[in-house]
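Visitor: I am new to this structure and would like a close look at one helix and what lies around it. Could you take me through that part slowly, and then outward from there?

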Amino acid sequence: MKRLLAIGEALIDFIPEETGKELKNVKGFQPAVGGAPANVCGAYVKLGGRSAMITQLGDDPFGDKIVDEFVSCGIGCDYVKRTKEANTSLAFVALKEDGNREFSFYRKPGADMLLRAEDVKEEWFEDVFALHFCSVSLGDFPMKEAHRKAVEYAVRKGGLISFDPNLRLQLWEDTGKLRQAVLEFAPLAHVLKISDEELEFITGCDDIEKALPKLLTGNTCMVIYTKGSEGAECYTACNKGAADGKKVKAVDTTGAGDGFIGSFLYCLSADGVTAESLPEVTGEKMTEYLKFANAFCGISVTKHGAIASYPGMEEMKAVLGQES
């Protein structure tokens with residue numbers, strides 16, 4: 001299998017030692033490596049794929065912790081730069097009773113935000129299956145142009161582009177600029193993942209099928225629509241797949257969406273799907289991939305953390321075998 005590359009933020013999530021409390025009332029936190037693009041790499045690796053992260057970390061102990069974690073779980077860090085210009089980004093998280101989260105970010109700026117377009121090298125993309133990115137790093141800072149350069153190189157080398165907006169409204173003083181950035185980059189992606197909580201903000205429409213003409217534009221030829229515990233749907237211009245969610249007791253939803261797209265991309269890669277062949281994926285295959293990704297998330301949310309909660313292929317086979 002070719003490699004999955006991801007570009008964007010890698011940071012430290014400070015996970016609360018107690019749940020059911022607002023952030024201001026949490027008494028203790030445990031640090032964990034996070035950041036949505038890094039989580040996607042982690043999911044892909046856990047299933048047996050190869051991945052590498054393109055990011056920048058501070059020259060500080062938290063940056064050291066992230067690199068150590070990448071090495072430990074098999075995420076390539078040859079393209080991780082270090083800088084003294086800013087510290088590694090931090091995110092404090094509170095977990096509510098329902099497993100959903102409240103965030104407070106410390107990145108003004110974070111080291112990841114300062115990665116420049118000229119720092120991204122074309123030779124990194126020689127063996128690329130896909131490039132994945134999110135919207136957190138698409139603000140008015142250098143990392144936005146680094147994304148644009150990475151997309152350019154990945155497409156030039158035949159890679160598939162995957163975009164999960166993964167909206168974090170609290171990071172943007174003007175949420176209109178966030179929407180503008182998403183609409184600017186979404187057409188560059190071959191695969192676009194969007195959640196039911198994000199659909200109306202991005203498209204102005206709360207019905208996925210009515211919103212599709214706005215989403216299947218530019219290079220975008222596959223839209224994945226996730227609905228949490230209600231399951232997920234997948235669309236191309238000609239085909240549709242759908243799979244029900246698995247009802248589980250959610251302990252921690254951190255990284256669940258990242259695990260979903262990471263495991264879905266793994267399925268595409270394992271079947272040899274490319275940017276060119278993506279429109280030909282059948283509805284039956286889409287449903288198969290969605291069922292796999294739903295099962296992956298169903299396991300993840302019953303455990304704490306993001307990458308640490310992701311199952312390997314043996315655990316996936318056991319769960320899928322029980323369901324069949």
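Guide: What follows starts from one helix, moves to the elements around it, and then turns to the cores and to some single residues elsewhere. The model is a predicted one, and the description should be read with that in mind.

The helix to begin with is α6, which spans residues 208-215 and in which I208, A211, L212 and L215 are buried. These four residues cover an arc of only 130° around the axis, which means that they sit on the same side of α6. An α-helix has 3.6 residues a turn, so residues three or four places apart point the same way. The face of α6 turned away from the buried side carries exposed residues, namely K210, P213 and K214. At the start of the helix, a side-chain oxygen of D207 comes to within 2.9 Å of the backbone nitrogen of E209.

What do the buried residues of α6 pack against? Their partners are the strand β11 (191-195), the helix α5 (199-203), and the strands β12 (222-226) and β13 (232-235). The last of these, β13, leads on to β14, since a hairpin of four residues joins β13 to β14, and the two strands pair in the antiparallel sense over four bridges. Within this pairing, Y235 stands opposite K240 in β14. Strand β14 itself, residues 240-243, has two unlike faces, for G241 and A243 form the covered one, while K240 and A242 form the uncovered one.

From here the view can widen to the nonpolar cores. The largest of them has 56 residues, and those with the most contacts inside it are F70, M222, I224, F264, L268 and L278. Helix α8 (residues 283-300) gives this core its largest share, nine residues. Apart from it lies another core, of 43 residues, which includes L138, A181, C205 and the Y235 already met in the hairpin. Returning to the largest core, L268 is in contact with F129, L160, V191, V273, L278 and Y289, once its neighbours within four places in sequence are left aside. In soluble globular proteins, nonpolar side chains tend to be buried together.

Helix α9 (residues 313-323) can be read in the same manner as α6, beginning with its buried residues M313, M316 and V319. Seen down the axis of α9, the buried residues fall within an arc of 125°, and they therefore line one face of the helix. On the other side of α9, the residues E314, K317 and Q322 are exposed. The cover over the buried residues of α9 includes α1 (36-46), α7 (256-270) and α8.

Polar residues can also be buried, and two strands offer examples. H132 lies in strand β9, residues 128-133, and counts as buried because its relative accessibility is 0%, where the limit is under 20%. The side chain of H132 is joined to that of S162 by a polar contact of 2.8 Å. Not counting residues up to four places away in sequence, H132 touches several others, including L4, V40, F163, D164 and L265. Q56, in strand β4 (residues 51-58), is likewise buried, with a relative accessible area of 4%. A polar atom of the Q56 side chain lies 2.9 Å from the backbone oxygen of A111, and among the residues that Q56 touches beyond four places in sequence are K81, R82, D112 and L115.

Two loops hold backbone details that a reader might otherwise pass over. In the loop between β8 (101-106) and β9 is P109, and the peptide bond from K108 to P109 is cis, with omega near -5°. In the loop between β10 (160-163) and α4 (175-185) is N166, which has a positive phi of about 45° although it is not a glycine. N166 counts as buried, at 12% relative accessibility.

How many disulfides does the model contain? The count comes to zero. For C77, the nearest cysteine sulfur is that of C73, 9.2 Å away. For C221, which is buried with a relative accessible area of 15%, the nearest cysteine sulfur belongs to C234 and is 10 Å away.

Technical notes
Residues numbered from 1 in each chain as written. Predicted model: local features only at pLDDT ≥ 70, side-chain atom pairs only at ≥ 80, totals over all residues. Heavy atoms only, no water. Buried < 20%, exposed > 50% of the residue type's maximum accessible area, 1.4 Å probe, protein only. Arc of directions from axis to C-beta. Contact = heavy atoms within 4.5 Å. Polar contact = N/O pair within 3.5 Å; in protein donor to acceptor, adjacent residues only side chain to side chain. Core = buried A, V, L, I, M, F, W, Y, C linked by side-chain atoms within 4.5 Å. Pairing = 2+ DSSP bridges. Disulfide = S-S within 2.5 Å.
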